[in-house]
Each structure stands twice: as structure tokens, then as C-alpha cells.
Amino acid sequence: MFITFEGGEGSGKSTVIRELAKRIEEAGREVVVTREPGGTPISEKIRDVILDRSSGEMDARTEALLYAASRRQHVVEKIIPALKEGKVVISDRYLDSSLAYQGMARGLGMAEVYELNMFATGGLEPDLTLFFDLAPEEGMERIEANPNREINRLDLEGMPFHQKVRLGFETLARENPHRIVKIDASKPLEEVISAAWAVVGNRLRYR
Ligand code: TYD
């Protein structure tokens, strides 16, 4: 089972992933937790290039191609082998992030970025996606209040960009109701964890 967590900046998904991975393991399944961009040594190197704050002049298509290249390596080196071994794979971001950030917010077009990513992934789509929905203003406030969170190049984009990212995810959730479940990330952490576990635990029982 391949589960992805998606959403804007500061939505708290990384914290929730850690808690859910623990619960899935307690339920007797092996879990691989990974993230994008990154997850393998090559993909992490590409991540550094993309997110470096000095990469300010990066062209939008270059950005989309680098995310897709990083994803390709991640899929073949880590995700597919783990799925073949029967593990539950949880990825902090995947394909939908490219559709929302590069497709919608950068204006490259969601259909175009989807096509590029089909080449990259060979068509591997998640079984389940949790979309952590939060007003971008609140997300950015949380990031600024967290001294441990590094501010990357995309965090530096203005509010209109982050509004478009949210619109992208909302569009995807509407178009893929069987795969994408929206979680209200404005609620207190404990409630968000309960809501996410209700969805993931329920799906796993049917596997
Ligand atoms: P990261 O620090 O992992 O952010 P977060 O904690 O919010 O997940 O940085 C990843 C950044 O890259 C984030 O701003 C979202 C962006 N991104 C894309 O624009 N396209 C993509 O395909 C992916 C995977 C991430």
C-alpha cells in the first residue's frame, strides 16, 4: 500500500506521518517513511539544487523536470522495491505536489505536468492520499513561529502563489474523490492525527 501526504507549507503533515507510522507498525505492518523531493542519495542531491535559496533564477520547466527526475530515482530505487516486499510506503509529498506547485501555481498546466510525471513514474499512483488543508496565511505563520524549520526557496514565494497551490490541491481532491481524502489541518494536532488515522487505519484493514 502506497500512501502519500500532501498539502501546503506548515500543514503539520510531517509530525502526523511520524505518529501514523508508529501506529501502523504497532498494528503489525512494516512501514517505510520517505519524502520528496528526496528519499535516495541522488534524489536528495537534486533536492538541494531545487530548494537552495540561491537558485532564484530557476526556470519553471527546469524546476518541474528536476522534481520529476528526483521522483523517478525515488520510485525505482526505493518505493517500488518496498512495495514489492509488501511494506506500507508513506511519502511526505509525491506527484500531486508537482501538479499543485508547478502545474497550477507556476502556471505550467496540471495536464502537462501530469504527462511529464507519467514518463517519470511509469504511472505509479498512490493508493491513498491525505490532503492536509490549511489557509496559507496560517501555514506561513506556523513556519515563521518554528525556529527549527528551514525556510526554503518555495517558502519565500508570496501569498498569491500559496493560494494557487491550495487551489491546485482542492481541484485534485475534487477530481479524485476515491484516492484523495481532505483533512482539516487547522484543528489541534491531536484531532488531526485522529482524523488521519481514521482514514489510514480503515483502509489498511481491507488489505
Ligand atoms: P520541504 O521542506 O520538504 O517542505 P514541506 O515540509 O512543506 O513538505 O520542501 C519541499 C518543497 O518543495 C515544498 O515547498 C513543496 C515543493 N514541492 C514542489 O514544488 N513540487 C514537488 O513535486 C514537490 C515534491 C515539492
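## The enclosed space

A cavity here is a set of grid points, laid over the protein atoms alone, where a 1.4 Å probe fits but cannot get out, and its lining residues are those with an atom within 4 Å of a point. With that in hand, let's walk through the hollow places in this structure, which is a predicted model.

Searching the whole structure turns up 1 cavity of 30 Å³ or more. The volume of the largest cavity comes to about 120 Å³. Its lining is made of 15 residues, and those nearest the centre are Gly8, Glu9, Leu134, Pro136 and His162. Sorted by class, that lining holds 8 nonpolar, 4 polar and 3 charged residues.

Which elements build the wall of the largest cavity, with at least two residues each? They are strand 4 (128-133), helix 6 and helix 7 (159-175). Helix 7 chips in with the largest share, 4 residues.

## Around the ligand

Now for the ligand. A shell of 16 residues surrounds it, with Glu9, Lys13, Tyr67, Arg93 and Ser98 as the closest. So Glu9 turns up twice: it is among the residues nearest the centre of the largest cavity, and it is also one of the closest to the ligand. By class, the shell splits into 5 nonpolar, 4 polar and 7 charged residues.

Which side chains put an N or O atom 2.7 Å, 2.8 Å or 2.9 Å from a ligand oxygen? Arg93 has a side-chain N or O atom 2.7 Å from an oxygen atom of the ligand. For Tyr67, the distance from a side-chain N or O atom to a ligand oxygen is 2.8 Å, and for Arg71 it is 2.9 Å. The ligand on its own would expose 550 Å², and the protein buries 93% of that. Looking at who supplies the shell, the elements giving two or more residues are helix 2 (41-51), helix 3 (60-84) and helix 4 (95-105). Helix 4 gives the most, with 4 residues.

## The largest pocket

Where does the ligand sit? The space it takes is the largest pocket, which has a volume of about 820 Å³. That pocket is lined by 31 residues, and Lys13, Ser14, Asp92, Arg93 and Arg149 lie nearest its centre. Lys13 and Arg93 are thus in this central group, and both are also among the residues closest to the ligand.

Five helices each supply at least two residues of this lining: helix 1 (13-26), helix 2, helix 3, helix 4 and helix 6 (136-145). The lining as a whole divides into 7 nonpolar, 12 polar and 12 charged residues.

## The second largest pocket

The second largest pocket takes in about 170 Å³ of space. Lining it are Arg61, Ala64, Leu65, Leu108, Glu112, Val113 and Leu116. Helix 3 and helix 5 (110-121) each supply at least two of these residues. Helix 3, then, has a part in this lining and in the shell around the ligand. What classes of residue make up the lining of the second largest pocket? There are 5 nonpolar residues, no polar ones and 2 charged.

## Two backbone oddities

Most residues other than glycine have a negative phi, and most peptide bonds are trans. Arg93 goes the other way on phi, with a positive value near 80°. Arg93 sits in the loop between strand 3 (88-92) and helix 4, and its side chain is one that has an N or O atom 2.7 Å from a ligand oxygen.

The other spot is the bond between Glu36 and Pro37: this peptide bond is cis, with omega about -10°. Pro37 belongs to the loop between strand 2 (31-35) and helix 2, and helix 2 in turn gives residues to the shell around the ligand.

Definitions and conventions: Residues are numbered from 1 along each chain as its sequence is written. This is a predicted model: local features need pLDDT of at least 70, side-chain atom pairs count only at pLDDT 80 or more; totals for chains, interfaces and linings use all residues. Side-chain values use heavy atoms; hydrogens and water are left out. A residue is near a molecule or strand if one of its heavy atoms lies within 4 Å of it. A polar contact is a pair of N or O atoms within 3.5 Å; within protein, one must be able to donate a hydrogen and the other to accept it, and residues adjacent in sequence count only if both atoms are side-chain atoms. Accessible areas come from the Shrake-Rupley method with a 1.4 Å probe; for residues, only the protein chains shown count as cover. On a 1 Å grid over the protein atoms alone, a cavity is a set of points where a 1.4 Å probe fits but cannot get out, and a pocket is an open set with protein on both sides within 12 Å along at least five of seven lines; lining residues have an atom within 4 Å of a point. A molecule sits in a cavity or pocket if more than half of its atoms lie within 2 Å of its grid points. Ala, Val, Leu, Ile, Met, Phe, Trp, Tyr, Cys and Pro count as nonpolar, Asp, Glu, Lys and Arg as charged, and the others, Gly among them, as polar. Grid points are joined across faces, edges and corners, and a volume is the space filled by probe spheres set on the points.
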